[in-house]
Amino acid sequence: DPGSDDLVMSPIESESSNTTLEVSTAAAEEADKTQHSHVSPVPAQNDTSLVASPSTFSSNEATLTHPTDITPTTTQMQTFSVFSDNGAPNMASATSQEYLFAVIPKSITNAFFRPVKTGCEERAAALSRQSIRGSVLVKCIFVGPTDIDAEDQAKIAMDLISSGSVDGISMSVIDEAVATEVIDSAVAASIPIITFDSDAPSSKRAAYVGTDQELLGEELGNLLMTRFATSGKYAVVSNVSPNLFLREKGVRNILNENGWSEVSGSPIHTAEKAHESRTHVELMYDLMVTQPDIDAMLLTLGRPMRAGDGSWERFVQQYPDLLILSADSMPDQIDILNRGFVNGLVGQQPVDMGSKSIDTLLALSKGKAVEDFVATSLVIMGRVNEGTPYIQVESSSTDNRTMGYASIILMVLLILSTLALVAMALYVHKMNGTSSIETELANT
């Protein structure tokens with residue numbers, strides 16, 4: 001299931017019950033003459049053959065991929081038809097072109113990359129809908145390692161390249177050296193390849209789609225200085241990744257030049273594989289023991305906040321005077337911001353990374369020039385001030401304005417009730433002929 005978040009897919013696998021149909025354009029007329037019987041010629045070396053492979057897309061139509069010596073994006077189909085194994089005809093438009101693009105994140109289980117999947121799939125579907133008479137069919141597959149592992153990611157990418165099953169690849173780089181080998185292989189196979197989220201700028205990749213990583217780090221520093229404190233001691237919480245190194249650099253660009261000093265023991269990095277390392281929060285506790293006078297911690301990644309076991313909240317409660325700002329603005333992080341357990345966030349646009357990856361790969365596949373850096377924007381969020389308390393208000397609760405209106409109404413009702421009592425006393429006095437209004441009022 002290509003839509004599954006927890007499945008590492010291999011698009012080169014196909015069901016054994018399906019039969020691969022190889023149909024050359026040279027044999028098309030012969031296929032029609034034989035009343036659409038199966039045609040399986042062996043493609044010549046220079047023949048512009050079209051290989052229909054059911055392993056690429058799930059469809060009732062024969063799916064078109066190409067031999068390695070043919071450029072998929074420029075091959076035009078001649079109109080003809082063949083029959084599938086169950087006797088149903090498979091028709092192909094004379095102008096139809098199909099593109100299959102792979103988006104490879106650092107990890108398919110990382111919450112940050114799920115919107116990337118949404119972005120690439122929705123954009124691919126939109127491009128297919130918008131094409132004239134279905135002349136362009138675009139699909140995105142979202143594949144990658146379960147955990148952040150450079151070697152596993154490289155293997156998945158190399159399998160796609162060697163199979164020739166995709167028309168372009170966008171990958172988030174974990175290790176630049178490992179990724180460069182993958183990129184070189186894709187270039188050698190004439191498969192467009194770009195990076196997103198995390199770049200390998202020294203490689204032959206065609207473009208980078210995503211955040212200006214150094215700018216993100218600078219905005220973390222600017223948010224700290226303009227909203228919370230102008231000087232002090234700080235630590236960086238980060239990890240081993242090319243994009244995070246750039247964010248660290250951005251933080252230092254701002255803070256080290258403006259009255260801040262980075263403490264010994266910063267930055268905090270965990271091991272590349274999560275199961276081999278202590279958590280970020282554990283390492284943050286350790287640093288606070290050795291450096292108890294830290295004024296601020298700046299996180300280049302949002303993962304430490306999303307442990308989900310309460311460890312983040314307990315840390316913040318133990319160090320209430322520590323200023324903490326983090327990269328990313330996922331929904332759970334925004335909730336943590338609203339509850340007062342982080343001071344500010346500098347978020348990215350992962351959906352745009354997915355959609356712009358598809359746009360860029362499609363342009364490259366059509367032989368068009370693209371920008372070296374396809375930028376996505378930042379979102380900056382911060383609490384009003386470092387002392388603003390958080391009050392949990394349920395949806396059924398009343399606010400201060402409502403309470404004020406209610407008080408006025410109660411006072412009016414009280415005055416009206418008093419006047420009614422006076423009027424009743426006067427009426428009783430008149431009816432009974434009592435000479436003392438004061439006595440009647442007292443009785444009332």
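A salt bridge is taken here as a side-chain nitrogen of Lys or Arg within 4 Å of a carboxyl oxygen of Asp or Glu. In the predicted model described below, this rule gives a count of 13 salt bridges. One of them joins the side chains of D372 and R205, with an N to O distance of 2.7 Å, which falls within the 4 Å limit. D372 is placed in the loop between helix 10 (350–365) and strand 17 (373–375), while R205 occupies the loop between strand 9 (193–196) and strand 10 (208–210), so the pair ties together parts that are 167 residues apart in sequence. The two partners are covered to unlike degrees: D372 is partly exposed, with a relative accessible area of 46%, whereas R205 counts as buried at 8% relative accessibility, because buried means under 20%. Both residues also belong to a network of salt bridges in which D199, R205 and D372 are linked.

A further salt bridge is formed by the side chains of E262 and R252, again with an N to O distance of 2.7 Å. Here E262 lies in strand 12 (residues 260–262) and R252 in helix 6 (residues 242–255), so that this pair ties together parts that are 10 residues apart in sequence. E262, at 25% relative accessibility, counts as partly exposed, and R252 is likewise assigned to the partly exposed class at 24%.

D332, found in helix 9 (residues 331–338), forms a salt bridge with R306, and the closest N and O atoms of this pair are 3.9 Å apart. The bridge links distant parts of the chain, since R306 is in the loop between strand 14 (296–299) and helix 8 (311–318), 26 residues from D332 in helix 9. With a relative accessible area of 34%, D332 is partly exposed. The C-alpha atom of D332 is also separated by 9.4 Å from that of G308, a residue 24 positions away along the chain.

Covalent cross-linking was examined next. The count of disulfides comes to 1, and the bond in question joins C120 to C140 with an S to S distance of 2.2 Å. The dihedral about the S-S bond is -65 degrees, and the link of C120 and C140 is left-handed. Distant parts of the chain are linked by this pair, with C120 in helix 2 (residues 114–130) and C140 in strand 7 (residues 136–142), 20 residues apart. Both cysteines are buried, C120 having a relative accessible area of 0% and C140 one of 10%.

On the surface, a nonpolar patch of about 790 Å² is made by I408, I409, L410, V412, L413, I415, L416 and L419. Among these residues, I408 lies in helix 11 (residues 400–432), where I408 is exposed, with a relative accessible area of 52%.

Confidence in the prediction varies along the chain. The protein averages a pLDDT of 77, and 68% of the residues score at least 70. Over residues 1–94 the pLDDT is below 50, although this stretch has 139 contacts in the model beyond near neighbours in sequence. The pLDDT is also below 50 over residues 390–400, a stretch for which 5 contacts beyond near neighbours in sequence are found in the model.

Notes: Residues numbered from 1 in each chain as written. Predicted model: local features only at pLDDT ≥ 70, side-chain atom pairs only at ≥ 80, totals over all residues. Heavy atoms only, no water. Helix = DSSP H or I, 4+ residues; strand = E, 2+ residues; numbered from the N terminus. Disulfide = S-S within 2.5 Å. Buried < 20%, exposed > 50% of the residue type's maximum accessible area, 1.4 Å probe, protein only. Patch = residues over 30% accessible without salt bridge, like charges linked within 9 Å, V, L, I, M, F, W, Y side chains within 5 Å. Areas by Shrake-Rupley, 256 points an atom, 1.4 Å probe, with all protein chains shown as cover. pLDDT = per-residue confidence, 0-100. Contact = heavy atoms within 4.5 Å.
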